[in-house]
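Okay, thanks for making room for me on the agenda. I've got one structure to walk through, so let me put it up.

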2 protein chains.
Amino acid sequence: MELTERKKKVLRSVVDLYIRTAEPVGSKAITELPDMKYSSATIRNEMAELTTMGYLEQPHTSAGRIPSAAGYRLYVDELMLDYRLSMDETKSISSAIEEKMQRVDKMMEKVAKLVSQATDLPAISVASRHGNAAVKRFDLIQAGENSVILVVMLSNDEVVNKLIKLPVNVSEADIKILSALLNATMAEIPLEEYTPELLDRVMRSAGAAAALVPVIVDFTTETLRRQGTANMAVAGQMRLLGQPEYRDVDKAQRLLTSLDEEALSNLPAVMQNANGTKVLVGPENVASELKDTSVVMTKFDIGDGMQGMIGVVGPTRMDYAKVTARLSCFAESLSKMFAKPEQQQLPAPDKEA
Amino acid sequence: MELTERKKKVLRSVVDLYIRTAEPVGSKAITELPDMKYSSATIRNEMAELTTMGYLEQPHTSAGRIPSAAGYRLYVDELMLDYRLSMDETKSISSAIEEKMQRVDKMMEKVAKLVSQATDLPAISVASRHGNAAVKRFDLIQAGENSVILVVMLSNDEVVNKLIKLPVNVSEADIKILSALLNATMAEIPLEEYTPELLDRVMRSAGAAAALVPVIVDFTTETLRRQGTANMAVAGQMRLLGQPEYRDVDKAQRLLTSLDEEALSNLPAVMQNANGTKVLVGPENVASELKDTSVVMTKFDIGDGMQGMIGVVGPTRMDYAKVTARLSCFAESLSKMFAKPEQQQLPAPDKEA
DNA sequence: CTTTAGCACTCGTTTCACCTGAGTGCTAAG
DNA sequence: CTTAGCACTCAGGTGAAACGAGTGCTAAAG
């Protein structure tokens with residue numbers, strides 16, 4: 001059977017309407033659309049054929065039609081009209097990002113929150129590093145009586161620190177020596193090369209400050225290990241409850257609890273090769289919890305060997321056009337933000353004293 | 001009217017049962033309890049009196065009774081039998097805490113998650129500092145080409161850092177000078193004394209490294225300001241959906257969205273003077289969103305001028321005995337953890353990019 | 001050959017009356 | 001003071017009937 005232009009138009013209308021109303025769409029509703037110059041009977045015939053073609057479904061004989069998974073697929077791939085963000089929307093998204101990004105360690109959380117807010121759906125945001133992190137340099141600062149601050153700068157220019165309190169006093173000179181030793185032996189090498197032998201050697205060469213070594217090594221190892229793992233945040237879960245398909249509390253709860261968990265951790269994998277924005281409709285999802293849920297995701301660049309992803313989860317009946325548009329806008333703003341590293345550091349033409 | 005022992009016993013039974021079943025409790029159900037040697041008629045009389053005394057309510061004439069707010073109040077204050085945590089429970093709580101507390105900057109989140117898990121209710125966890133924070137010392141580390149790492153140690157021994165990239169090169173000597181200058185002028189004073197005049201003076205004395213000053217000041221100011229504000233986390237919101245009183249999605253959503261927000265930010269205030277565990281029953285809550293919700297909270301000590309609070313939110317019909325027991329156990333474990341003078345636990349590593 | 005008006009039919013939803021049963025308050029006897 | 005008994009109340013469940021949105025099919029019109 002042929003998928004004529006008119007069929008496409010009807011299908012698009014059905015999906016659009018269903019997205020708006022969350023209720024089966026009847027032939028009459030379609031005819032009332034502007035630009036639909038056919039009678040309900042004609043539409044009915046078209047809808048019947050779209051049904052046999054598998055793009056629409058009928059919950060029961062005397063109800064309207066709803067899009068099938070295949071219908072949604074076709075819709076997002078070919079039919080849906082681009083949603084044009086208004087200037088206002090674009091502005092408010094990018095300014096929201098700029099504004100909220102002071103603290104990078106809570107960044108993913110903030111991003112997720114913002115995305116969720118903009119789409120009115122639960123959102124996830126993931127930052128993962130590819131490539132191996134290493135320590136670029138160690139610094140030790142004597143900080144009062146018997147405290148030392150360890151400052152570790154990583155290969156991606158991230159800096160972490162730890163205050164170490166000592167049981168005994170260590171002289172400034174000892175610390176200088178240890179610092180040099182650390183930089184000579186443990187910097188610029190990947191985590192795998194932190195072998196017991198190496199550590200043993202460092203320990204023995206450390207002299208007076210040897211007590212510090214285990215703490216330093218532990219902290220460094222832990223930090224590097226953490227660098228490898230993805231950093232993910234979920235926000236706005238309860239927005240799901242606003243969706244009529246989740247009036248059923250049990251259903252909502254099932255999905256919501258799985259949103260917290262690992263179910264999502266393989267989503268980034270899907271994005272690995274794909275570019276731009278990707279839409280997973282219902283059953284296309286691998287995770288069984290998401291079987292009747294759609295996911296829209298976009299990648300963005302962070303640089304420094306990191307890659308980010310933002311996405312939202314919602315009912316298969318979601319406003320794909322709007323959501324993809326908003327996500328893309330976010331991704332763009334984020335990429336832009338990370339592309340200009342200077343901006344962030346340089347003196348902002350001061351706000352207040 | 002006298003509140004006899006028997007009345008108390010009946011009231012306790014009603015609350016206990018209602019907590020278990022979430023349904024109005026009838027006189028017959030009470031008589032079926034072991035240890036209740038009266039007929040249903042007697043119980044009915046007692047219940048009638050408890051109703052006129054305001055401890056019980058009747059949803060409608062032909063239904064059983066449910067506890068009123070006053071009833072709950074009396075229950076938690078006098079009637080409820082202590083819930084004894086099994087050894088297993090205690091152990092699993094404290095070991096969960098020990099295990100999860102490596103990263104202190106995400107601590108509140110983890111605590112909230114653990115508490116929520118243990119009580120099967122949404123949980124909040126807040127850490128707030130009282131007393132004014134100040135900078136104990138500044139350090140600047142030259143880190144390669146034109147980067148400088150700023151390390152700031154606060155009066156409570158927390159250490160934060162920031163990588164600053166410069167447009168121009170600054171010599172090691174300049175940095176030394178600036179560092180000394182900062183320590184001389186801006187350390188050991190509260191945030192309020194960061195007046196425009198002071199900053200102006202620093203700026204002028206800074207010489208070659210003057211470009212750095214605004215960045216440093218901004219960062220420091222922001223950090224100190226953040227020290228003053230409470231740090232709060234919410235977890236397990238969706239557990240609320242498991243409670244029968246929130247089968248109504250709208251109701252659930254209303255509460256859940258308010259859980260995210262500031263509604264809770266005045267909860268810590270309630271704890272300010274109180275000690276031990278505090279229970280707020282329904283209308284006793286100030287925030288209107290929580291009017292038919294109960295909150296159970298406990299303080300714990302962090303030391304270093306910080307104070308923590310954990311709490312859960314749930315339907316007025318919640319298992320107060322169990323919840324308070326669990327919360328207390330948590331609080332104790334946490335206090336113990338922070339009291340430990342071991343160096344591993346003390347410092348608060350903070351990471352910034 | 002396509003479109004449309006008309007019509008009988010389907011089937012989920014709503015409405016309403018009725019019944020049921022848990023629970024009550026009261027009274028009178030133990 | 002306690003309890004058995006009884007009439008009464010009322011939320012919730014059940015089922016029949018009416019409703020109406022939407023369909024598929026047919027036959028006439030374009």
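I'll go through the confidence, then the DNA contacts, then a couple of individual residues.

So, the usual warning: this is a predicted model. For chain A the average pLDDT is 86, and 91% of the residues score at least 70. There's one stretch to keep an eye on, residues 342-353 of chain A, where the pLDDT is below 50. That stretch still has 19 contacts in the model beyond its near neighbours in sequence.

Okay, on to DNA strand C. How many residues surround it? The count is 21, and the closest are A:Thr42, A:Thr61 and A:Ser62 from chain A, plus B:Ser27 and B:Arg65 from chain B. And which part of the DNA do they come up against? If you take the atoms of strand C that are within 4 Å of the protein, sugar and phosphate make up 76% of them.

What sort of residues are we talking about? The surface near strand C divides into 12 polar residues, five charged and four nonpolar. In terms of elements, α3 (40-52) of chain A and α3 (40-52) of chain B each give at least two residues to that surface. The largest share comes from α3(A), with four residues.

Now some individual contacts with the backbone of the DNA. The side chain of A:Arg6 has an N or O atom 2.9 Å from a phosphate oxygen of strand C. On the other chain, B:Ser27 also uses its side chain, with an N or O atom 2.7 Å from a phosphate oxygen. B:Ala63 comes in through a polar backbone atom, which sits 3.4 Å from a sugar or linking oxygen of strand C.

Next, have a look at A:Lys7, which is in helix α1, residues 5-21 of chain A. Is that lysine buried or exposed? It's buried: the relative accessible area of A:Lys7 is just 5%, and the cut-off for buried is under 20%, so that's why it gets the label. As for what's around it, leaving aside neighbours within four places in sequence, A:Lys7 is in contact with A:Glu2, A:Glu46, A:Glu49, A:Leu50 and A:Met53.

Last one, over on chain B. B:Ala180 is in helix α7, which covers residues 172-185. B:Ala180 has 46% relative accessibility, so it counts as partly exposed. Its C-alpha is 9.5 Å from the C-alpha of B:Leu140, and those two are 40 residues apart along the chain.

That's what I had, thanks everyone.

Methods:
Residues numbered from 1 in each chain as written. Chains lettered and ligands numbered in written order. Predicted model: local features only at pLDDT ≥ 70, side-chain atom pairs only at ≥ 80, totals over all residues. Heavy atoms only, no water. Near = heavy atom within 4 Å. Polar contact = N/O pair within 3.5 Å; in protein donor to acceptor, adjacent residues only side chain to side chain. Nonpolar A, V, L, I, M, F, W, Y, C, P; charged D, E, K, R; others polar. Buried < 20%, exposed > 50% of the residue type's maximum accessible area, 1.4 Å probe, protein only. pLDDT = per-residue confidence, 0-100. Contact = heavy atoms within 4.5 Å.
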